[in-house]
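Open the model in your viewer and keep the sequence panel beside it. The stops below go from one selection to the next.

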Amino acid sequence: MKLVHTVAELREEVAAAKAQGLTIGLVPTMGALHEGHASLIKAANMENDFVVVSVFVNPTQFGPNEDLDAYPRTLEADCKLAESMGANIVFAPAPKEMYPSEDATWVEVTGEITKVLCGRTRPIHFRGVTTVVTKLFNLAQPDRAYFGQKDAQQVEVMKRMVKDLFFNIQLRIMPIVREADGLAKSSRNTYLNEAERKAALVLSRSLKAAKEQYEAGERDAAKITAAVTASIKEEPMSDIDYVEIYALPELKPVAAPMAGSNLLAVAVKFGTTRLIDNVVLEEK
Ligand code: AMP
């Protein structure tokens with residue numbers, strides 16, 4: 001496996017792979033890799049000849065009071081994990097390499113899809129994500145790109161961008177990887193102290209209960225979100241940002257009664273750490 005830091009080096013590696021007729025899988029990440037990321041890299045390795053993992057804490061997707069500076073950076077360990085999962089290249093550019101000019105060209109998906117859920121409190125977040133992923137798509141020229149269902153809204157935004165901009169790239173969406181006790185794996189889990197870590201289990205527990213409620217026949221979205229909200233509020237350390245249900249795909253308003261496939265998504269703060277989790281509610 002090779003670690004490269006510049007656009008020029010990545011382009012050279014990609015050109016060489018293409019010249020050999022290899023298929024390319026891209027796994028975009030912000031590093032501090034864990035088993036969630038590993039599952040994406042593993043899938044990319046199984047489905048492609050050549051795997052590029054990007055490790056870039058993308059400044060344009062962080063708001064002014066968010067955790068850009070504090071975000072964990074563990075490149076050495078990331079390279080070990082990426083290599084063990086079969087990556088060929090880790091691309092870890094400096095911010096200047098990805099954003100060489102003060103003036104920026106933005107790629108932005110507009111509409112409710114980027115304004116609901118995380119878009120409400122993080123108004124520039126998805127513009128940052130779609131811009132950096134477009135740059136990565138153009139550099140790595142992947143046949144397939146791998147994203148996690150953990151960031152369910154990001155998945156819907158990516159699908160929309162790929163469709164609207166005619167990217168000739170197959171999106172592969174991998175299921176949420178959880179700790180043994182249910183907590184969704186996240187680079188931000190390292191911010192949690194012991195009490196917050198324990199309190200955060202309320203998320204997966206409440207989502208599981210909601211799924212059971214749905215499977216038992218409940219089709220009133222308001223009743224399901226009310227039950228999840230009440231259950232999360234029982235945990236005194238929790239501070240809810242949102243508990244909401246939207247219809248899939250594209251996060252449209254949920255029908256009454258619920259029909260088809262719907263996303264129940266939550267964002268909750270424990271101390272200063274904001275965690276997200278979700279479950280898809282759909283007919284079996
Ligand atoms: P991040 O480094 O947090 O930007 O995540 C990079 C990619 O890994 C995104 O597509 C995430 O959705 C995915 N990912 C993060 N955590 C998990 C998880 N627990 N399970 C599956 N995929 C994940």
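Select the residues of the shell around the ligand: eight are nonpolar, six polar and three charged. In this count Ala, Val, Leu, Ile, Met, Phe, Trp, Tyr, Cys and Pro are nonpolar, Asp, Glu, Lys and Arg are charged, and the others, Gly among them, are polar. The model is predicted: local features need pLDDT of at least 70 and side-chain atom pairs 80 or more, while totals for chains, interfaces and linings use all residues. Residues are numbered from 1 along each chain as its sequence is written, and side-chain values use heavy atoms, without hydrogens and water.

Which residues of the shell are the closest to the ligand? They are His 37, Gly 148, Asp 151, Val 177 and Lys 185, out of 17 that surround the ligand (a heavy atom within 4 Å).

Now show polar contacts (pairs of N or O atoms within 3.5 Å; within protein, one must be able to donate a hydrogen and the other to accept it, and residues adjacent in sequence count only if both atoms are side-chain atoms). A polar backbone atom of Gly 148 is 2.9 Å from a ligand oxygen. For ligand nitrogen atoms, look at a polar backbone atom of Val 177, at 2.8 Å, and at a backbone N or O atom of Lys 185, at 2.9 Å. The protein buries 92% of the 480 Å² that the ligand exposes when taken alone (Shrake-Rupley method, 1.4 Å probe).

Colour by helices (H or I, at least four residues) and strands (E, at least two), which are DSSP runs numbered from the N terminus. Helix 2 gives the largest share of the shell, three residues.

Next, select the six strands of the open sheet, in the order 1-4-3-2-5-6 with parallel pairing (at least two DSSP bridges between two strands). Strand 1 (2-4) and strand 6 (170-174) are the edges, each pairing on one side only. Strand 5 and strand 6 are joined by five bridges, and Arg 144 stands opposite Gln 170 in strand 6.

Finish in the loops.

- Phe 166, between helix 7 and strand 6, has a positive phi of about 55° although it is not a glycine.
- Pro 249, between strand 7 (238-247) and strand 8 (252-253), follows a cis peptide bond from Leu 248, with omega near -5°.
- Pro 257, between strand 8 and strand 9 (261-270), is joined to Ala 256 by a cis peptide bond with omega about -5°.

Most residues other than glycine have a negative phi, and most peptide bonds are trans.
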